[in-house]
Amino acid sequence: MPDRMSQPSRAVIFFCKVNGIDYEEIKVHISKGQHLTPEFAEINPMKQLPAIADGRFKLFESHAILIYLACAFPGVADHWYPADVFKRSKIHSVLDWHHSNLRRGAAPYVFNTTIAPILGRPLNPQVAAEAEIILSSSLSKLESFWLKGNGRFLLGGNQPSIADLSLVCELMQLEVLDEKDRTRLLGPHKKVQQWIENTRNATSPHFDEVHRVIMLAKERQQHQRLKAAKNEGGSNMKRPLVSRM
Amino acid sequence: MKLKLYADRMSQPVRAVIIFCKKNGIDFEEIRVDIAKRQHLTPEYAEINPMKQLPAIVDGRFKLFESHAILVYLASSFPGVADHWYPADVFKRSKIHSVLDWHHSNLRRGPTTIVRNTVLAPVLGRPLNPEAAAEGEKFLSASLSKIESIWLKGNGRFLLGGNQPSIADLSLVCDIMQLELLGETERNRFLGPYKEVQQWIENTRNATNPHFDEVHKILMKAREKLQNLRLKGANNEGGESDMKRTLHSRI
């Protein structure tokens, strides 16, 4: 049960596609409030996405879902969620860190600068400002600690894990931001940018397919901004339209 | 080489790990890192945990931080840990991951936020912030309500309908215990409506005593001192620097 505008939903869809896990995608549109219906509450009483139902087994929280899928479905390569207790523990560590850091910064920042009006909610610049501090700090920690060393992925790995999927999907949400904000936030962090590219390459063609909805949202946002600029007298007409990806 | 645990018992996630170790007979060396004295912000501690938070463990050359990751590691690596703490069954285990994850974005944002912005603010060198505390109260109330009606649904004595505790029970109960610092009246204001939650806290305490009470002693002592200082402050208008000095010397 996903909505592909939801970062954690994308991570789960992504994982299933990359690992050939057969699933039925049941769209629950957040923008239409479908996650708040009593029907969906039967699936997930927390009224959030994603959620899965595997036979009679229901589960929510994207990290718990990713771990379940990695453990329960045959043919999932070890690097996604290694059997080795030390490697696995480090993955738990970054997934947990993510909740209180990158997610805690990125999601409210993007919501309160860009997405809120799409869902009929007001932008909140104060929340955005506080979230930006957490987001910047998290990006720095990714650059200097989680991506330390010579590995192409988090924790020095040379193959992606569920942690890479989860965190990169979060960062892809930044695509809908105003280009200058996105550049300001991501620009200083070369390793982070390279890591996003590594993850994309390692999971092609699914990465681009799963993120199509975000890239479409990005284009719409850019058009809106151009339109708004034109209406104000056209001072910003040279804003680039080409995707940085 | 003994497991090293970097700890300040005023921290809820630290307490969960300590209780787990004691209950399961895991031998460890508790290395005190005093948050009120900002010892977690030193370059020495950053070598252990660059995120500068507690708890962290060092097991031989293996370093780990994030309390849930630590609890899972300990449950998986040490012999003699009973299955109910972190079941091998993938379905039960997944449900435990689900509640532990939910915790981060929900309950965890409650008691800590309230306490840091009210009673503990002077000790931590922070200003009182009733607005932030009010935000924390919203998270707390919403979370307690969900625990009461969803996570404690059914006839089990613990979360997810279990009849024995898991690492999830330890983690969440230790977090709620932080409300003790607010004093009995405030604590009861928050917990009063939730009978299942109160029973579950008691169940968890009984299942892990005497360790639960022993580990929470520091909280009870801190609560007394905070109450005494508030009374003194009300009498002398002296307050904040006294509070800080006294708590530093006695905790």
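**Close-up views of chains A and B**

**View 1. Two domains of chain A meet face to face in this predicted model.** Between domain 1 and domain 2 of chain A, about 1900 Å² is buried (accessible area, 1.4 Å probe, lost on putting the two parts together and summed over both), and carbon and sulfur atoms give 73% of this area. Arg10(A), Phe14(A) and His63(A) supply 38% of what domain 1 of chain A buries against domain 2, more than any other three residues. Domain 1 covers 7–72 and domain 2 covers 80–224, with bounds from an automatic or database domain assignment. Their C-alpha centres lie 20 Å apart, and the contact (heavy atoms within 4.5 Å) takes 18 residues from domain 1 and 23 from domain 2.

**View 2. Here is an open four-stranded sheet in chain B.** The strand order is β2-β1-β3-β4, with mixed pairing; strands are DSSP runs (E, at least two residues) numbered from the N terminus, and two of them pair if DSSP finds at least two bridges. β2 (28–32) and β4 (62–65) each have a single partner strand, so one side of each lacks a neighbour in the sheet. β1 (residues 3–7) runs parallel to β2(B) over five bridges, and Leu5(B) sits opposite Glu30(B).

**View 3. Helix α1 of chain B is mostly covered.** For α1(B), residues 12–23 (a DSSP run of H or I, at least four residues), 10 of the 12 residues are buried, meaning under 20% relative accessible area (1.4 Å probe, protein chains only). Among them are Val14(B), Ile18(B) and Phe20(B). Gly25(B), with a positive phi near 65°, follows the helix.

Residues are numbered from 1 along each chain as its sequence is written, and chains are lettered from A in the order written. Local features need pLDDT of at least 70, whereas totals for chains, interfaces and linings use all residues.

Note on methods: Predicted model: local features only at pLDDT ≥ 70, side-chain atom pairs only at ≥ 80, totals over all residues. Heavy atoms only, no water. Buried < 20%, exposed > 50% of the residue type's maximum accessible area, 1.4 Å probe, protein only.
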